[in-house]
Amino acid sequence: QVQLVESGGGLVQAGGSLRLSCVASGSIAGLNAMGWYRQAPGMQRELVAHITSRNIADYPASAQGRFTISRDNHRNTLYLQINSLKPEDTAVYYCCAETTSYSGIDSWGRGTQVIVFS
């Protein structure tokens, strides 16, 4: 397992952009996959983006087009670029990691808050 620390959240006007970062305590190169989830008040945590160790990214239909996940193995950092922000993107965004293909998600960050106002 690795320790994950997110940053980059904040208060932003609708239509703006943010880039969230997630720094790992150790190497991410060997991790099976990493991802971003978000949780809005009163809602369940939902997947936003996922990326494998081979840099294959995928997104749920609700996140396609405005979200871009990327990883920098040299910096041990995962990123999430969010464009054209909407008020409904307001949530706490969490970074997570799967150590192996068998482990499932076994590391979570504490989250970074994103608030989008119109």
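## Reading strands, faces and odd angles

Modeller: Let's start with H50: at 19% relative accessibility, this residue counts as buried. Keep in mind that we're looking at a predicted model.

Biologist: Why does H50 count as buried at 19%?

Modeller: Buried means under 20% relative accessible area, so H50, at 19%, makes the cut. You'll find H50 in strand 5, residues 46-52.

Biologist: Which residues does H50 touch, beyond those up to four places away in sequence?

Modeller: H50 touches A33, M34, G35, I56, A57, D58, I69 and E98.

Biologist: Okay, what about Y93, buried or exposed?

Modeller: Y93 is buried, because its relative accessible area is 0%. Y93 sits in strand 9. Once you skip neighbours within four places in sequence, its contacts include W36, Y37, R38, F67, L80 and I82. Sequence and space are also worth setting side by side: Y93 and S118 are 25 residues apart in sequence, and their C-alpha atoms are 19 Å apart.

Biologist: Now sheets. What is the strand order in the open sheet of 4 strands?

Modeller: The order is 1-3-8-7, and the pairing is antiparallel. Strand 1 (4-7) and strand 7 (67-72) are at the edges, each with a single partner strand, so one side of each has no neighbour in the sheet. On average, neighbouring strands here are turned by 15° against each other, direction ignored.

Biologist: How many bridges pair strand 7 with strand 8?

Modeller: Strand 7 pairs with strand 8 (residues 77-82) over 6 bridges, in the antiparallel sense. To see one pair, find F67: its bridge partner in strand 8 is I82.

Biologist: And strand 11, how does that pair with strand 2, parallel or antiparallel?

Modeller: Parallel: strand 2 (residues 10-13) and strand 11 share 4 bridges. Look for V12, which stands opposite V116 in strand 11. Strand 9 (residues 91-98) also joins strand 11, by 3 bridges, but those two run antiparallel. There, V92 has Q113 of strand 11 as its bridge partner.

Biologist: Which residues make the covered face of strand 11, and which the uncovered one?

Modeller: T112, V114 and V116 form the covered face, while Q113, I115 and F117 form the uncovered one. Take I115, which lies in this strand, residues 112-117. With a relative accessible area of 37%, I115 is partly exposed.

Biologist: Which residues make the nonpolar surface patch?

Modeller: L11, I115 and F117 make that patch, and its area is about 290 Å².

Biologist: Last one: why look at the sign of phi?

Modeller: Most residues other than glycine have a negative phi. A positive value in such a residue is therefore worth a second look, given that general pattern. N55 has a positive phi of about 65°, although it isn't a glycine. S84, not a glycine either, has a positive phi of about 50°.

Biologist: Where do N55 and S84 lie?

Modeller: In loops: N55 is between strand 5 and strand 6 (57-58), and S84 is between strand 8 and strand 9. N55 is partly exposed, with a relative accessible area of 48%. S84 is partly exposed too, at 41%.

Definitions and conventions:
Residues numbered from 1 in each chain as written. Predicted model: local features only at pLDDT ≥ 70, side-chain atom pairs only at ≥ 80, totals over all residues. Heavy atoms only, no water. Buried < 20%, exposed > 50% of the residue type's maximum accessible area, 1.4 Å probe, protein only. Contact = heavy atoms within 4.5 Å. Pairing = 2+ DSSP bridges. Axes fitted to C-alpha atoms, helices over the stretch in contact; angles between N-to-C directions. Patch = residues over 30% accessible without salt bridge, like charges linked within 9 Å, V, L, I, M, F, W, Y side chains within 5 Å. Areas by Shrake-Rupley, 256 points an atom, 1.4 Å probe, with all protein chains shown as cover. Salt bridge = Lys/Arg side-chain N within 4 Å of Asp/Glu carboxyl O.
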